[in-house]
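Here are some short exercises for getting to know a structure step by step. Try each task yourself before you read its solution.

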Amino acid sequence: MNTQMKTIKNIGYILTFLGFLFFAGSIFTGSYKVTPEAYTNWINSKGIKSEYFIENTQKAIVDKEMSAWALSHEIIDQAKASNEFQKKQTEIDWNKIIHIKWNKTSKEYIFPLVKAAATGWFVDNTALWFFLTFGLAIIGGLMVFIPDYKLLGPAGIKNNGIFQHSATNRGIVGFVAAFFFVSFYVLLYFFPNYIVNPILAVDGISKSLSGNPASQWFLYGFMYCSVMTVFAVRMFIKYRHNKYQLIRTGVVLFFQIAFAFLLPEILVAFNQPWFDFKNAWPLNYSFFFDWNINGLISSGNLGIFMFVWGILLTVIIVPVMVYFYGKRWYCSWVCGCGGLAETLGDPYRQLSDKSLFSWKVERWLIHTVLAFATIMTLLTLYIYFAEIPSWKELFWGISVYDVQTLYGFLIGSIFSGVIGTGFYPILGNRVWCRFGCPLAAYMGLVQRFKSRFRITTNGGQCISCGNCSTYCEQGIDVRSYAQKGQNIVRSSCVGCGVCSAVCPRGVLKLENGPNTDASRTEVSDVTLGNDIDLLEMLKKND
Amino acid sequence: MKNVVIIGNGIAGVTAARHIRKKSDHKITIISGETDYFFSRTALMYIFMGHMKFEHTQPYENWFWKKNRIDLVKAFVTKVDTVSKTVSLDNNTNLNYDDLIIATGSKPNKFGWPGQDLKGVSGMYSKQDLDAITESSKDCHRAVIVGGGLIGIEMAEMLASKNIPVTFLVRETSFWNGVLPEGESDMVNRHIREHHIDLKLQTGLSEIISDENGRAKAIVTDKGETIACNLVGLTAGVSPNIDFLKDSTIELGRGVMVNRKLETSVPNVYAIGDCAQQHEGIGERRPIEAVWYTGKMMGETVARTICGEPSDYTPGHWFNSAKFLDIEYQTYGWVWAQPKENEGRFYWEHKDGKKCVHFNYDKNTRKFIGLNTFGIRLRHNMFDKWLKEERSVEHVLEHLKDANFDPEFYDQHETEILEKFNQENNTNLVSKKKSWKRILQNAINL
Ligand SMILES: Cc1cc2nc3c(=O)[nH]c(=O)nc-3n(C[C@H](O)[C@H](O)[C@H](O)COP(=O)(O)OP(=O)(O)OC[C@H]3O[C@@H](n4cnc5c(N)ncnc54)[C@H](O)[C@@H]3O)c2cc1C
Ligand code: SF4
């Protein structure tokens, strides 16, 4: 029985690996041919004015079969040559200069053309191509995880070998995985022109949902949902004895698929704005950007409802829910970032840093991001109501557009994506949620000071084993509270419930109760041998 | 300012040190030969199984000791001279003390079995034991565990987690039935077998046979059966680790004899934790209590005494917990394996055979005496309160929902439990709704 299960598992590994191999390998193949119409459309839609560029590029690329790399490089080279040419003119026409920025040009200029120029096998065989990538990876992933139902033995906590395996203990496999995650995010955010083939794998699905061809964001959304689904199956098996985990995983998966993926696409199919009803400001940092407000307000009643809903969500629903249930209702039951962290990220939760030092870093960083998001939003609203265009300089040569761009780049892309998810196998699965997310910071303040939520410590039963702290993805040293019989009230706790699950002595319970300091944090007398107070320690250290 | 020397950096010694530091400016030195820093012995199995690394079992970061001015010396004490007030270390140095705390814990029992010191044979108590087990597990084709207690079952579990076939020799008729009543003990038997561990009840060890390299290659049971194996775990209980005191003037029994203030027969010398022995057990407790939390309590108590508030060790109501493979166990108050004459029992088991509760009460006064719970977590504070208030078993049963400590959304069984009690006792008790007011009253005021 077990040998058969192992065989299935091994075949699963092979299929998954093949799926990924095809997916990643396709980046290096495929041919692209820009048709004259596509070229003209592109020039017009991008508003390119330099005749020098238009003519020379046309000669260089139109009706020629090239790779995505050659095509992209050709365009950049032509743009540079054109800029040099323009600057040599006695009178420089600045409208004809093409601004080249590493983090923008590829995705904004080159990608649409490359996407339109795709030809050949990948375009003609989307269904098969989907099967060879997503199909194999999903089937393989399920074959890897489902046999665990038998292989792991009777239901229970089976963290066996986690710190002895290269993938989950920062070994070589972990670093390779991190390298792939990071590369994927860099390509996705900044160079989607190189992942057109992977995007083509979901073209068919995108068209059937919203009628539009797939963008890199559709690919990302689809991948996100598939990865979460496969890893949710893993969670369902791993925690089949734990209803809290089962329900929580089911719900967070539902919110991701229904609210972050399907509903927005369907809205688009009905000519409504793309809108994720659960994405609250300030995590959704562009909510108050002029294009978003204008887009919503100009979309009729539904758009206005979305706008009002977004404000209500942040101002009323979020804090009220945190008061009653703790921030877990959002972070580990609803949020997409949390959803990925709790599924794909679960095998890495033990890698979060538990030191007092990292707690200090956490508090500085996350509150700085919250301040940054708030200031940016206030500036945005100011210029919106003062009717100042966003590109206009406001102070020190900086425009609100610059601030928004900087935030989008540093926080929106690098922190939340490249570092937050890319480094799962190195830094653990909640780096973004712990150190960066401004919404988490906001909810954390409510949770710390005004909430019914706490993790109750069960009297004197703690044996200081350390399982709870080790498996806390937020790097909370749970044991330091549990061993002195103190309840845990920490702003960063996302209520995943895993400390309670892994505790071998039944010491921890997540619960909502009366919101008094005494009931939340007072040390009970049942255990003697009271311990040092970490909070006091931290104050003294400062 | 006194010069306090503590032998042993386990939970007892470390708790004493921390509390002395909190209360005073005394110079504190902890001597221990096992590891550089305090770690949680209870987590040894999790290191082996790969749930944690050794460093995760250290409750304090390494900077903690220096910051709190607790000096650490890594050495074994070989001799204590209570006249000159010095301890001698195995690195040939001596240390003076004003106050000495002995907190040297336990060592695994070995009953003079032939072959008990062979390679591949080990107890599971220290970090060194774990290292030895890890080493011999690498080429292990079968392991035999001798002795069915809490450490034995942990060792069986951890070896089985590496797919090593395990034979588990238990002398009693059923697992741990000196402590557990029949229902609970039988549940654990079944669960051990569910994990494909070869449980041999009523079977003891007679001898361990060596191969040509001095490593165990088989054992012979007291029934004459030979079992080929190259790893043998000796887990037949522990006893105080006090051999180095044999030549001192300190009064010894099985452990270091202490009074309620944890003072030994020699002034300024104290003993705490696993190695201390009360002249008489406190209440129903044993004279030697080899559990984690009592070490903690003794450490805290002795710190008070040393810092000028002489205090008695008053451990309160008994509680404990353990985990048998996947089944968690907690106990509050006393539930003996065999009921005493005045005791009534009520046992409920869930149909899946992995959850049960067992109540012990006084048949005449109806006073609640204790409870075992398997597979259901219960709130320590509530039971401590009920025991203190000497509540009736009926009161406890009616308010059982207050004590439920399982994670949210778990199936709850209080009503079912109560129905069974009503049936057996012709009563009409009704389960009361969970009340935060009652729960907190207790946590805050006691
Ligand atoms: C595998 C295992 C699991 C356990 N699980 C539980 C549990 O779940 N719940 C529970 O309540 N209890 C449990 N226990 C028991 C619990 O760990 C002990 O009761 C507790 O650790 C005793 O603490 P202590 O401080 O008295 O001694 P120890 O922890 O034994 O510390 C004594 C230290 O002193 C050192 N020492 C000894 N002699 C000398 C010397 N001459 N010179 C210098 N140093 C010396 C030793 O090397 C050791 O480091 C478990 C024990 C083991 C081994
Ligand atoms: S709370 Fe539980 S998991 Fe955490 S240290 Fe204590 S016994 Fe171990």
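The exercises below go from the interface between two chains to a helix and its surroundings.

This is a predicted model, in which local features need pLDDT of at least 70, side-chain atom pairs count only at pLDDT 80 or more, and totals for chains, interfaces and linings use all residues. Residues are numbered from 1 along each chain as its sequence is written, chains are lettered from A in the order in which they are written, and side-chain values use heavy atoms, with hydrogens and water left out.

**Exercise 1.** Describe the contact between chain A and chain B.

*Solution.*
- Step 1: Take contact as heavy atoms within 4.5 Å. Then 67 residues of chain A touch 67 residues of chain B.
- Step 2: Turn to buried area, the accessible area (1.4 Å probe) that two parts lose on being put together, summed over both. The two chains bury about 5300 Å² between them, with 49% of it on carbon and sulfur atoms.

**Exercise 2.** Find the salt bridges between chain A and chain B, and see what chain A supplies to the interface.

*Solution.*
- Step 1: Look for a side-chain nitrogen of Lys or Arg within 4 Å of a carboxyl oxygen of Asp or Glu. There are six salt bridges between chain A and chain B.
- Step 2: One salt bridge pairs A:Lys243 with B:Asp411, at 2.6 Å from N to O.
- Step 3: Elements are DSSP runs numbered from the N terminus: helices (H or I) of at least four residues and strands (E) of at least two. Several elements of chain A each give at least two residues to the side touching chain B, including helix H13 (243-269) and strand E7 (508-512).
- Step 4: E7(A) gives the most to this side, with five residues.

**Exercise 3.** Follow H13(A) from its start to just after its end.

*Solution.*
- Step 1: H13(A) has 27 residues and spans 37 Å from first to last C-alpha, close to the expected 39 Å (1.5 Å times one less than the number of residues).
- Step 2: At A:Leu262, shortly before A:Pro264, the helix has a kink of about 35 degrees, the angle between axes fitted to the seven residues ending there and the seven starting there.
- Step 3: Just after H13(A), A:Asn271 has a positive phi of about 60 degrees.
- Step 4: In the loop between H13 and helix H14 (290-297) of chain A lies A:Pro282, joined to A:Trp281 by a cis peptide bond with omega about 5 degrees.
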